[in-house]
Amino acid sequence: MEYAPTAPVAARKPGLRPLVAGGWLGAAIAIGAFSAALTLLLYRNPPSAVIVLGFLIVVVGSLWLAIVAYDTALAVAVVLLAAVRFEPAPTDVVFAVLIVVGFVTSRFRLGRVIPGAVLLVGAFLALNLVSAIAVSDASRAVSFFAITFYVACFGLWLAAYVTSVEIARRITRCYVAAAVVSAVVASLALQLPFPGHDLFTRIGRAEGLFKDPNVFGPFLVPAALVVM
């Protein structure tokens, strides 16, 4: 028996086409605004040569890995969630590259996401831009909007990518493994004065490879719930 190929959601339901088109339009406007904001931020706050070089190495390496082995790049990005000493962190760069590569190679298709979610996220980003009309500190506003835009894209990408139990399990295992290793090393750093132990603690508290113990704790909570 032969089965006809499954058509995209927008193709099966013509009424959803305007919603998807609106989502794409909102995404295009948001990307343009984000690019302009990033340009302004880098113009007013030029980074050092070392930071630029390190950023380029991470971007090029992530791009190569995402093209050659997309799933492996995703696993690396999830493991790197355990290291957020500064922002944007290495994991943010890898995830951003994955989102772009996924979009170009059709691994990231908004058609897999509920149209209502796409519209809500697009509307939320648009309202963020409207609220920035009378900001007193443009650089700070650009910084916060860049974070909001990235997290919004990340949420849509993750929802579109996790389409099977196998993918969900792979991500969960990488996250739990990174959390367990980070927790063990940070706990040992509190008790044993091994070389470099001060990198994992602050004021007598474990912080792992984060910039604050209060950020390290929330990172461990999802992994603890999964293990429980």
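**Nine helices and a nonpolar core**

Of the chain's 228 residues, 26% count as buried (under 20% relative accessible area, against over 50% for exposed and anything in between for partly exposed; 1.4 Å probe, protein chains only). The model is predicted, so local features need pLDDT of at least 70 and side-chain atom pairs pLDDT 80 or more, while totals for chains, interfaces and linings use all residues. Residues are numbered from 1 along each chain as its sequence is written, and side-chain values use heavy atoms, leaving out hydrogens and water.

Reader: How many helices and strands are there in the chain?

Author: These are DSSP runs numbered from the N terminus: H or I over at least four residues for helices, E over at least two for strands. Along the sequence they read α-α-α-α-β-α-α-α-α-β-β-β-α. The tally is nine helices and four strands.

Reader: How far apart are the end C-alpha atoms of α7?

Author: Helix α7 covers residues 138-161, which is 24 residues. The expected span is 1.5 Å times one less than the number of residues. That predicts 34 Å, and the model agrees because the end C-alpha atoms are separated by 34 Å.

Reader: Which residue caps the N-terminal end of α7?

Author: Look for a polar contact: N or O atoms within 3.5 Å, one able to donate a hydrogen and the other to accept it within protein, with sequence-adjacent residues counted only if both atoms are side-chain atoms. Here the backbone nitrogen of S139 has a side-chain oxygen 3.3 Å away, and that oxygen belongs to D137.

Reader: What about rings: how many aromatic pairs does the count come to?

Author: Rings of Phe, Tyr and Trp (its six-membered ring) pair if their centres lie within 6.5 Å; planes under 30 degrees apart are stacked, over 60 edge-to-face, the rest tilted. Some pairs link Y70, F95, Y150, F154, W157 and Y161 into a cluster. The rule gives 11 aromatic pairs.

Reader: At what angle are the ring planes of Y175 and F219?

Author: The ring centres of Y175 and F219 are 5.1 Å apart, and the pair counts as tilted because the planes sit at 50 degrees. It joins distant parts of the chain, with Y175 in α8 (165-191) and F219 in α9 (213-227), 44 residues apart. Another F219 pair, with F210, also has centres 5.1 Å apart and is tilted because its planes are at 45 degrees. For Y175 and F219, then, the angle is 50 degrees.

Reader: Which helix gives the most to the largest nonpolar core?

Author: A nonpolar core is a set of buried Ala, Val, Leu, Ile, Met, Phe, Trp, Tyr and Cys residues joined through side-chain atoms within 4.5 Å. The largest has 37 residues, with L74, L98 and W157 making the most contacts inside it. At least two residues come from each of α3, α4, α5, α7, α8 and α9. With eight residues, the top contributor is α8.

Reader: T91 lies in helix α5; what is its relative accessible area?

Author: Setting aside neighbours within four places in sequence, T91 is in contact (heavy atoms within 4.5 Å) with A77, L80, L81, V84 and Y150. T91 counts as buried because its relative accessible area is 1%.

Reader: And how far apart in space are I167 and D71?

Author: I167 sits in helix α8 and is buried, at 12% relative accessibility. In sequence, I167 and D71 are 96 residues apart. From C-alpha to C-alpha, their separation in space is 8.9 Å.
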